[in-house]
Every structure is written in structure tokens, then in C-alpha cells.
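Reader: I have a structure in front of me and would like to learn how to read its strands, sheets and helices. Could you take me through it step by step?

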Amino acid sequence: MGSEAQFRLPVIDFSKQDLKPGSPEWDLVKSQVRKALEDYGCFEALFDKASLELRNAVFGGLKELFDLPLETKMLNVSDKPSHAYIAPHPNAPLYESIGIEEPNITENLESLANSFWPQGNASFSKSVQSIVAHVSELEQMVRRMILESFGLEKYMEEHMNSTRYLLRAMKYTAPHTIETKLGSRDHTDKNIVTVLCQGIEGLGIQLKDGEWISARPNSLTVMIGDSLYAWLNGRLHTPYHRVMMKGNKARYSFGLFSNPKGGYIIKAPEELVDEEHPLLFKPYDFEEFLRFFHSNAALKSQSAFKTYCSV
Ligand SMILES: O=C(O)CCC(=O)C(=O)O
Ligand SMILES: [Fe+2]
């Protein structure tokens, strides 16, 4: 990990002024997105609206957040285990994270800031609100392009309305070592689309041939999760990824995850199922799957997702 030559993810430019559905620029980017997601399951997005200045302001806010006492961070309670505060754990001693549900709703962000800081934290709320607005715009463009590229326009509204966002902020403590240490073990994401933003290097992505490559420091990485893989009946790739750490710098990152809403049944459209492409997954409810994922039964299986809903 770590040498320039390894920064080999496809890079796709979303910063063009007139990137509007139907324009030639849109169609060009759409074909790049489709190809990258078939081959890698992810790509690096260039998106000026989520500027470096704004990202640095967010990372500054996250540092303040993670510097709070443990008892304060534990106040971020949620009935969903993956949405709450996760403290460093013997299996992942460098990692801690905080989930923010529906961060695109201003009141959610403000009530979170109020639970951490007695007077709130206006600059934290403002920068997070702004990055979420831009990154969710990018996420929606990507999904729109994916559906269009498969000729699934008639499902667009249903698909867009069947998800909600989760923002997860992450801190990886510096290991103070020369050799690399595991920050977060290899996994595929369970949701629809993830957009990850890292302040410094550390994110590794596994290629289809098993080789690991690094995402660039300061990059925005867009990747596909298991639920979109299932909905598309396996047409795009879901990449394994992990975080490796070395040296003396703490690493901050955040991910905006589009998650299927509870109660919505994920089922591949009939257009994607035929003799050549038999149905891969039984229709399922994401929140029921999450309950299975956090149960003991899931711990025993290689891939909880496949155990839960493979045909
Ligand atoms: O910190 C990162 O860059 C990766 C985090 C990740 O893979 C996840 O939260 O699912
Ligand atoms: Fe992940």
C-alpha cells in the first residue's frame, strides 16, 4: 500500500457546469460510471462543489467531535446498532465512529450537535449540512445514471424515494508504527451507494483479481453496496474494501450511505431477470436483514448477506 502507482481507481469528473440529464456531457459521464462500476464497483469522483476547503472544515469539526469525552459521545444512542456511537473495540482498536441518521434534515444535525455541545456547534452543523447537500447531489446523479444505463427509468421515482441517508463519521487513531495495521477489516457495504471521503490515505479496495489498490488521499470514493447489487441482479460489482493505517497521524473519514427504508422490499426488476440472468437474491427488507446481520446466526456465516437472501 501507499505508492503512487497504486492509485489506479478510475477517476470521473462530475464538475462540468452543464452536467444535466440528457446533455452529451451527462451521457459521457454515465457511460464512464457504468464501466467503472462493472469493472471495479467503485470510482473516484471529482466534484468541485464538495471543495477541499469545505472537506477540511468538516474534518476539523469531526476532530472536535471525537475529542469529546467518551461519556458524551455515548449519548448518540440509536435502536439500530450500526447507527450509534461505536467505541474502539479489541477487534478494531484504532476505529471509532458516530452515525448521524438523515443528516440532510437540518433538525437532526442540530439536535445531534446540541446533544454533544451544550450551546450547539454552529460551524459544525453548517459545514456538515453543506457537505451532505453536495455529496447527496452527487450520490443521486450516480444512481440516476445507473438506472438510465440499464433502461430502468420507469423505476426512477420509486428507487429514489425508497432510500434514506446515514452519515457515518470515522476516526482511526494513529498506530505509531512503520508497518501497516488494520484500521477496519475487509467488507462489502450492505446499502445502495456509499460515498466515502478520506482526509488522508488508508482506504484500500480489492480488485476482482484479488489485488489491493489504494484510494488517493483527500479523495471522494463512490462505491456500490450489496443492496444495489441485489436489486440489479448482480449486474454491477460490489468491492471488498478495508482501511490500513501506519505512522503518527490520526485519520478522519466520513461516508454518506443511501440505505433502503425499512418496509421497502428489495426485489430485482423483471427486466433484469431472464434465462441468462436467473434471480440471484430473494426479495428482502433491509432492516430485517440488518437485524439478522447483528444476530449470532450471522456471525457464523462467511457472508451474512448471501446467507440471508441468496436464492
Ligand atoms: O474509513 C473509510 O474510509 C472506510 C469506512 C468504511 O468502509 C465503512 O464505513 O463502510
Ligand atoms: Fe465500507
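Author: Let us begin with one pair of residues, bearing in mind that this is a predicted model: His187 stands opposite His241, which belongs to strand E10.

Reader: Which strands are joined around that pair, and how many bridges join strand E5 to strand E10?

Author: Strand E5 covers residues 177-187 and strand E10 covers residues 241-247, and 5 bridges join these two strands, which run antiparallel.

Reader: Which residue of another strand stands opposite His241 in E10?

Author: That residue is Ile205, and strand E7, residues 203-206, is joined to E10 by 3 bridges, again with the strands running antiparallel. Further along, Leu203 has Val243 in E10 as its bridge partner.

Reader: In what order do the strands of this sheet follow one another?

Author: As a general idea, the side chains in a regular strand alternate between the two faces of the sheet. In the present case, 4 strands form an open sheet in the order E5-E10-E7-E8, with antiparallel pairing. The edge strands are E5 and strand E8 (212-214), each of which pairs on one side only, and neighbouring strands of this sheet are turned against each other by 30 degrees on average, if direction is ignored.

Reader: What is the strand order in the sheet of 7 strands, and what is its pairing?

Author: There the 7 strands form an open sheet in the order E1-E2-E9-E6-E11-E4-E3, and the pairing is mixed. At the edges are strand E1 (11-13) and strand E3 (95-101), each pairing on one side only, while the average turn between neighbouring strands of this sheet, direction ignored, is 25 degrees. Within this order, strand E6 (residues 193-198) and strand E9 (residues 220-224) pair in the antiparallel sense over 5 bridges, and Cys197 stands opposite Leu220 in E9.

Reader: Which helix packs on the sheet, touching E6 and E9?

Author: It is helix H5, residues 122-149, and the strands that it touches are strand E2 (42-46), strand E4 (163-172), E6, E9 and strand E11 (251-260); the direction of H5 makes about 140 degrees with that of E6.

Reader: How should I describe two helices that pack against each other?

Author: Two packed helices are described by the angle between their axes and by the distance between those axes. Here helix H1 (residues 24-39) packs with H5 at an angle of about 85 degrees, and their axes are 9 Å apart. Angles of 65 to 115 degrees count as roughly perpendicular, and H1 and H5 are therefore roughly perpendicular to each other.

Reader: Which residues meet where H1 packs with H5?

Author: From H1 come Val29, Lys30, Val33, Arg34 and Leu37, which meet Val142, Met145, Ile146, Glu148 and Ser149 in H5. Sorted by class, the contact of H1 with H5 has 6 nonpolar, 1 polar and 3 charged residues.

Reader: Which domain does the UniProt record list, and for which residues?

Author: The unreviewed UniProt entry lists "domain: Fe2OG dioxygenase" for residues 163-260. In this model, the end C-alpha atoms of residues 163-260 lie 4 Å apart, and the span is 6% helix and 57% strand.

Reader: Finally, how many helices and strands are there in the protein chain?

Author: The protein chain has 10 helices and 13 strands. Its radius of gyration is 19 Å, close to the 19 Å that the globule rule gives for 311 residues, so the chain is as compact as a globular protein of that length.

How values were computed. Residues numbered from 1 in each chain as written. Chains lettered and ligands numbered in written order. Predicted model: local features only at pLDDT ≥ 70, side-chain atom pairs only at ≥ 80, totals over all residues. Pairing = 2+ DSSP bridges. Axes fitted to C-alpha atoms, helices over the stretch in contact; angles between N-to-C directions. Contact = placed C-beta atoms within 7 Å. UniProt positions renumbered as here; feature names shortened; annotations may be inferred. Parallel < 35°, antiparallel > 145°, perpendicular 65-115°, else oblique. Nonpolar A, V, L, I, M, F, W, Y, C, P; charged D, E, K, R; others polar. Rg over C-alpha atoms; globule rule 2.2 N^0.38 Å.
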